[in-house]
Amino acid sequence: MADSRQFDTSMPPHSSSALRVTSTELIHLLDISPDALLIVDREGTMVMANEQAAAQFGYRREELQQQPLEMLLPEHLHAMHVAHREHYFTTPRTRSMGAGLQLFGRHKDGTEFQVDISLRPVLLGDEPLAIGAIRDMSVQRRAERERAQQAEQIRLQAELIDLAHDAIFIRDSVSRVIFWNKGAEELYGWTSQEALGRISHSLLKTRFPSSLAEVDAHLERIGRWDGELTHTRRDGSLVVVESRQVLVCDVLGHATTMLEINRDITERRRLELAAQVVHDETVARLAFLQQILDALPSSVYLVFGADARLLLANRAAVSAWGAAWHIDQPMQEFLATHGIRIFDAQGRPLALTDLATLRAVQEGETVLHHQEIIRRPNGSSLAVLVNAVALDSSQEWQALRQPTGPLAQHTQHADTESVALVVHQDVSALKEAEYLKDEFIGVAAHELRNPLAVLKGFAEMLVYQTARGKGAQLAPWQREALEEIDTATSRLDKLTEDLLDVTRLQAGRLVLSRSPNDLVALTRHMVTQRQMTTRQHTFSLDTAHTSLVVEVDRARIEQVLTNLLSNAIKYSPQGGPIELAIREEVEPHAALVSIRDRGIGIPVGQQAHIFGRFVRAENARASEITGTGLGLFLSRELVERHGGRLWFESTEGVGSTFFMALPLL
Ligand code: ADP
């Protein structure tokens, strides 16, 4: 096996002399090589191929045996290859094939792929052969292409980093700058050339929120740090930055570099500072205003928005309400939370929309001297006169609601939202006086009742007995005087009864004893009675109903009808028709009685107040028609306590129509 020695390690790798091998050695060589190997003879016939070579081209090993090498090459290369082969066998040496050329193999399925081939001459016995080691280069080429793409991507990213407005730089493990983008050049004034290699925090004279050591420790522990830093630019000016720093570690976990991105927030800080100053001033002004308001004895508060949210309230307001109304809380919520209720002067619950405060913010109204009674959480009551003034929403106080102001949370509301200033004047003392007055009236009326009854009794007796011829005959003037006394005592009697009713109503002592009553029959009866007292007036009653049953205190409804019928007579001194009608109303289900006269009417200007206590219209006084101004007040109270309504329509000089609606059973 002398020839086999030439095959071993004594052969230099690029020797041009041919290896001399045995076929056994060749087969071994082919089988142990990880590369695809082909052995070709001078004619281009494949003498041997290993498994890797067959697999690379998609064949079984036997299929290549004794086949022309050209079957593994693309057709267009056949001719060129034949020439190359012949040339090679004339000067056989170890070399790579087609150096500088892109070589292609042809797979069994027809696809072509890039290959790299190295050739080595061998002598099998005396037969000159060539071993070709073939490497599929397509994978490598793809990897190269991908590497080129990645490089391009990195280049683009670097350009992007340069485009960023933020200052971005990278520091090595000892804080030396190793990358400095355009943003950093612009923000700090040093070029990349100048900054590279410098210790960043020395270059920028960084002022840390606490210390450099603390930031470093944090970075070490967490891997990133966010915070605010102050840097000094090249020109000496200061710049405040929002800094984000990230620690980059190698595979062994050792810190290698630090990425730092800094955003200039100098302007933002300046504006915030300015806003803070405004805020502080506003807070100071507000505190001063609060002091002044707190010194006032009356309850004062400011509300805004349709739901009357509280802006500001003084100390007296807390005691007036008996509870603390929180800033920004809507009025309704405040009242409901504390169980506070509000009534009118007559003690009727006031609807929310009727409250002076809400009228001012919702309608922009200026409400003056509105009487309201506050029933506090502890059950006590406070009578107040409320003045609510809608304010011009462009006014100075709007500063209270600026974004930086103490009431910043209100900024979600439109700037044009209405605001009202509300002042409560405690009128408990006045109310107390009024109560005492009512008490006095009640006592006086009560005390008057007995002597009046005696007077009336004797006057009636005198008239009656004289008429029957008992006792001495009276002179005509004496009879007239007696009749006058009788009428006057009747009037006084009615007045005292009315006064007593008023005090009973005020004190809530008026009790109704209700039972089902036919309103048609009752009205008819009253009309007949009244018709007997006058010749000047003609009563009529128009109704389609034979009966309409209402559950009422009969005496009280008679009192109301008597008052309305007497007024119709009294206030049409020229006489005329008095037309009554009774209808059935569907919504709400009620019986509606109307009484129409052709009398003096009620002047428009006084119509709104005519149901008040002791209120009389000018024209009634001017016509010297007697009255007390109590009848309508009592009538409305009585009707409303039955769940009904009393109202009127009237034109001065033309006549009036009064309407009474009572709920039907
Ligand atoms: P009085 O009749 O005793 O004055 P009322 O309370 O019954 O008291 O009425 C109050 C006022 O309403 C009257 O003074 C009068 O000015 C006006 N008034 C009431 N009814 C009529 C009417 N039918 N026509 C014109 N004015 C009326």
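Axes are lines fitted to C-alpha atoms, for helices over the stretch in contact, and angles between them run from 0 to 180 degrees between N-to-C directions. The exercises below concern a predicted model.

**Exercise 1.** Determine how helices α14 and α15 are oriented to each other.

*Solution.*
Step 1. Two packed helices are described by the angle between their axes and the distance between the axes.
Step 2. Helix α14 spans residues 428–467 and helix α15 spans residues 476–506; their axes come within 8 Å and cross at roughly 155°.
Step 3. Angles over 145 degrees count as roughly antiparallel. α14 and α15 are therefore roughly antiparallel to each other.
Step 4. The crossing of α14 and α15 is left-handed. In the contact of α14 with α15 there are 13 nonpolar, seven polar and eight charged residues.

**Exercise 2.** Classify the packing of α15 against α20.

*Solution.*
Step 1. The axes of α15 and α20 are 10 Å apart, and the packing angle is about 45°.
Step 2. Angles under 35 degrees count as roughly parallel and 65 to 115 as roughly perpendicular, with oblique kept for values outside the named ranges. α15 and α20 are therefore oblique to each other.
Step 3. The handedness of the crossing of α15 with α20 is left-handed.

**Exercise 3.** Describe the surroundings of the ligand, from its shell to its polar contacts and its burial.

*Solution.*
Step 1. The ligand has 20 residues around it, of which Tyr571, Arg616, Ala617, Thr628 and Leu632 come nearest.
Step 2. By class, nine residues of this shell are nonpolar, eight are polar and three are charged.
Step 3. At least two shell residues each come from α17 (554–570), α20 (631–641) and β25 (655–663). The largest share, three residues, belongs to α17.
Step 4. Ligand oxygen atoms meet the protein backbone at several places. A backbone N or O atom of alanine 617 lies 2.8 Å from a ligand oxygen, a backbone N or O atom of glycine 629 lies 3.2 Å from a ligand oxygen, and a polar backbone atom of glycine 631 is 3.1 Å from a ligand oxygen.
Step 5. Taken alone, the ligand exposes 520 Å², and the protein buries 98% of that.

**Exercise 4.** Locate the backbone features at proline 588 and lysine 205.

*Solution.*
Step 1. Most residues other than glycine have a negative phi, and most peptide bonds are trans.
Step 2. The peptide bond from glutamate 587 to proline 588 is cis, with omega near -5°. Proline 588 lies in the loop between β22 (576–585) and β23 (590–596).
Step 3. Lysine 205, although not a glycine, has a positive phi of about 45°. Lysine 205 lies in the loop between α8 (200–203) and α9 (212–222).

Technical notes
Residues are numbered from 1 along each chain as its sequence is written. This is a predicted model: local features need pLDDT of at least 70, side-chain atom pairs count only at pLDDT 80 or more; totals for chains, interfaces and linings use all residues. Side-chain values use heavy atoms; hydrogens and water are left out. A residue is near a molecule or strand if one of its heavy atoms lies within 4 Å of it. A polar contact is a pair of N or O atoms within 3.5 Å; within protein, one must be able to donate a hydrogen and the other to accept it, and residues adjacent in sequence count only if both atoms are side-chain atoms. Accessible areas come from the Shrake-Rupley method with a 1.4 Å probe; for residues, only the protein chains shown count as cover. Helices (H or I, at least four residues) and strands (E, at least two) are DSSP runs, numbered from the N terminus. Ala, Val, Leu, Ile, Met, Phe, Trp, Tyr, Cys and Pro count as nonpolar, Asp, Glu, Lys and Arg as charged, and the others, Gly among them, as polar. A crossing is left-handed if the near helix is turned anticlockwise from the far one by less than a right angle, and right-handed if clockwise.
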